[in-house]
Amino acid sequence: MRKIPVALVVLGLVTVGLTGCSLQNVSAADCSRTPVSEPDVMKLIDVTGDTDDAPKVDVYTPLHASSLGYQDVVTGDGTAITSDNQLMVMDVSLFSGATGEPIVATAYDGDLSRVSAPSQWATNFPGFDTALHCATAGSRIAVALSPDDMAADVATSFGLKDDDSVVAVLDIRKVYLASATGALQFNSGFGLPSVVRAPGGRPGITIPSGTPAPEDLVIQTLIKGDGDEVTGDEPVRVHYTGVVWGADESFDSTWDGQAASVTLDSVVPGFADAIKGQTVGSQVMVVIPPELGYKDQEKASIPANSTLVFVIDILGLDAVAPTTDQG
């Protein structure tokens with residue numbers, strides 16, 4: 001089978017956000033999933049093999065799917081995909097519905113640094129949004145794609161006819177949290193910002209009116225997760241919202257797109273102090289005095305000598321990409 005990196009399989013991976021993906025944002029607690037849809041179609045597809053490796057697929061050909069069908073071949077017990085911008089690592093194999101022959105596949109090399117999101121895959125494979133909805137890390141999913149479930153230029157690049165169907169196998173290696181999840185923590189909030197959360201987890205920050213900013217660094221753990229500890233050895237995936245003390249609007253937020261990957265030396269010292277030693281799943285509020293922020297430097301909409309307030313959701317740790325030994 002011809003193998004190419006995930007970035008080449010997902011031809012539109014760089015067009016983040018330019019998609020009509022309809023994966024609904026739901027909480028993990030509300031996530032429900034039908035293990036098999038369109039059973040009359042899915043019974044024509046047999047997927048075997050170890051989930052660590054590329055699958056072996058037998059198709060009763062020619063297979064013509066008039067609409068998308070999927071089946072959970074293996075159901076993992078990891079984090080569920082509840083948002084179209086939620087980050088994950090996934091291997092994919094595609095097979096011709098007409099002949100059953102392999103078309104293309106990702107590398108299946110165990111590299112967990114190839115992070116993507118359902119919205120990116122759905123740019124070229126709109127049917128993936130349904131197949132991935134509420135799917136969990138560790139799952140293997142067989143998918144029957146109708147011609148309408150693929151972008152026309154992608155089908156053409158694979159040499160498919162207008163009415164050809166495709167069988168896809170999705171192996172979900174890793175799923176990052178969509179938002180902080182854990183135990184709510186009690187904090188004294190006197191004189192400090194208050195935080196509220198939308199149903200999808202996005203925080204809102206209210207700065208107390210007429211109250212002077214603290215002179216020292218303030219770190220409060222609002223939600224305590226039970227995941228791995230942030231040590232600084234690996235990059236950290238976070239959602240964050242930042243507000244200048246005294247301002248009404250945030251100056252920066254990741255919540256309109258994908259979570260950011262940060263290292264402790266890539267952020268201001270107060271931000272690094274806030275997340276170091278925290279655990280995945282936690283939400284942290286930090287009030288950063290100017291000397292641990294941007295000091296006397298003006299940064300875009302941030303005035304010089306500003307006190308900064310961040311609410312940070314710690315969603316996961318990034319794997320470091322393997323290096324190639326050139327010999």
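Glu-38 sits in between the extremes of burial: with a relative accessible area of 38%, this residue is partly exposed. Its backbone is the odder part, since phi is positive, about 50°, although Glu-38 is not a glycine. The spot in question is the loop that runs between helix H1 (6–9) and helix H2 (39–42). All of this comes from a predicted model, so the geometry here is that of a prediction.

Two further backbone oddities turn up elsewhere. Asn-305 also carries a positive phi, near 60°, in a residue other than glycine. This one belongs to the loop between strand S15 (283–288) and strand S16 (308–317). Then there is the peptide bond from Thr-61 to Pro-62, which is cis, with omega near -5°. Pro-62 falls in the loop between strand S2 (56–59) and S3. For context, most residues other than glycine have a negative phi, and most peptide bonds are trans.

Zooming out, the protein chain is built from six helices and 16 strands. Of its 327 residues, 48% count as buried. The contacts reach far along the sequence: taking those between residues at least 6 apart, 79% join residues at least 24 apart. As for the surface, the chain exposes about 15,400 Å², and carbon and sulfur atoms supply 49% of that area.

One of the sheets is worth walking through. Five strands make up an open sheet in the order S3-S6-S7-S4-S5, and the pairing is antiparallel. Strand S3 (69–74) and strand S5 (102–105) form the edges, each pairing on one side only. From one strand to the next, the twist averages 20°. Inside this sheet, strand S4 (residues 88–96) and strand S7 (residues 166–175) run antiparallel and are joined by nine bridges. To pick out one position, Phe-95 has Val-167 in S7 as its bridge partner.

The same strands come back in the nonpolar packing. The largest nonpolar core holds 29 residues, and the members touching the most others are Met-90, Phe-128, Val-143, Leu-145 and Leu-170. At least two residues of this core come from each of S4, S5, helix H4 (128–132), strand S6 (140–145), helix H5 (152–157) and S7. S7 gives the most, with five residues. Another core lies apart from this one; it has 27 residues, including Ala-260, Val-262, Ala-274 and Ile-312. As a general backdrop, nonpolar side chains tend to be buried together in soluble globular proteins.

Which charged contacts hold up alongside these cores? The count comes to seven salt bridges. One of them pairs Asp-72 with Arg-33, whose closest N and O atoms are 2.8 Å apart. Asp-72 lies in strand S3 and Arg-33 in the loop between H1 and H2, so this pair ties together parts that are 39 residues apart in sequence. The two partners differ in burial class: Asp-72 counts as buried because its relative accessibility, 15%, is under the 20% cut-off, whereas Arg-33, at 21%, is partly exposed. Asp-72 thus brings a charged side chain into edge strand S3.A second long-range pair involves Asp-256 and Arg-202, again with the closest N and O atoms 2.8 Å apart. Asp-256 is in the loop between strand S13 (250–253) and strand S14 (260–262), while Arg-202 is in the loop between strand S9 (194–197) and strand S10 (203–206), and the two are 54 residues apart. Here Asp-256 is exposed, with a relative accessible area of 63%, and Arg-202 is partly exposed at 33%.

The side chains of Asp-109 and Arg-114 also meet in a salt bridge, at 3.0 Å from N to O. Asp-109 is partly exposed, its relative accessible area being 46%, and Arg-114 is partly exposed too, at 24%. This pair does not stand alone: Asp-109, Asp-111 and Arg-114 are linked in a network of salt bridges.

Note on methods. Residues are numbered from 1 along each chain as its sequence is written. This is a predicted model: local features need pLDDT of at least 70, side-chain atom pairs count only at pLDDT 80 or more; totals for chains, interfaces and linings use all residues. Side-chain values use heavy atoms; hydrogens and water are left out. Two strands pair if DSSP finds at least two bridges between them. Helices (H or I, at least four residues) and strands (E, at least two) are DSSP runs, numbered from the N terminus. Axes are lines fitted to C-alpha atoms, for helices over the stretch in contact, and angles run from 0 to 180 degrees between N-to-C directions. Buried means under 20% relative accessible area, exposed over 50%, partly exposed in between (1.4 Å probe, protein chains only). A nonpolar core is a set of buried Ala, Val, Leu, Ile, Met, Phe, Trp, Tyr and Cys residues joined through side-chain atoms within 4.5 Å. A salt bridge is a side-chain nitrogen of Lys or Arg within 4 Å of a carboxyl oxygen of Asp or Glu. Contact means heavy atoms within 4.5 Å. Accessible areas come from the Shrake-Rupley method with a 1.4 Å probe; for residues, only the protein chains shown count as cover.
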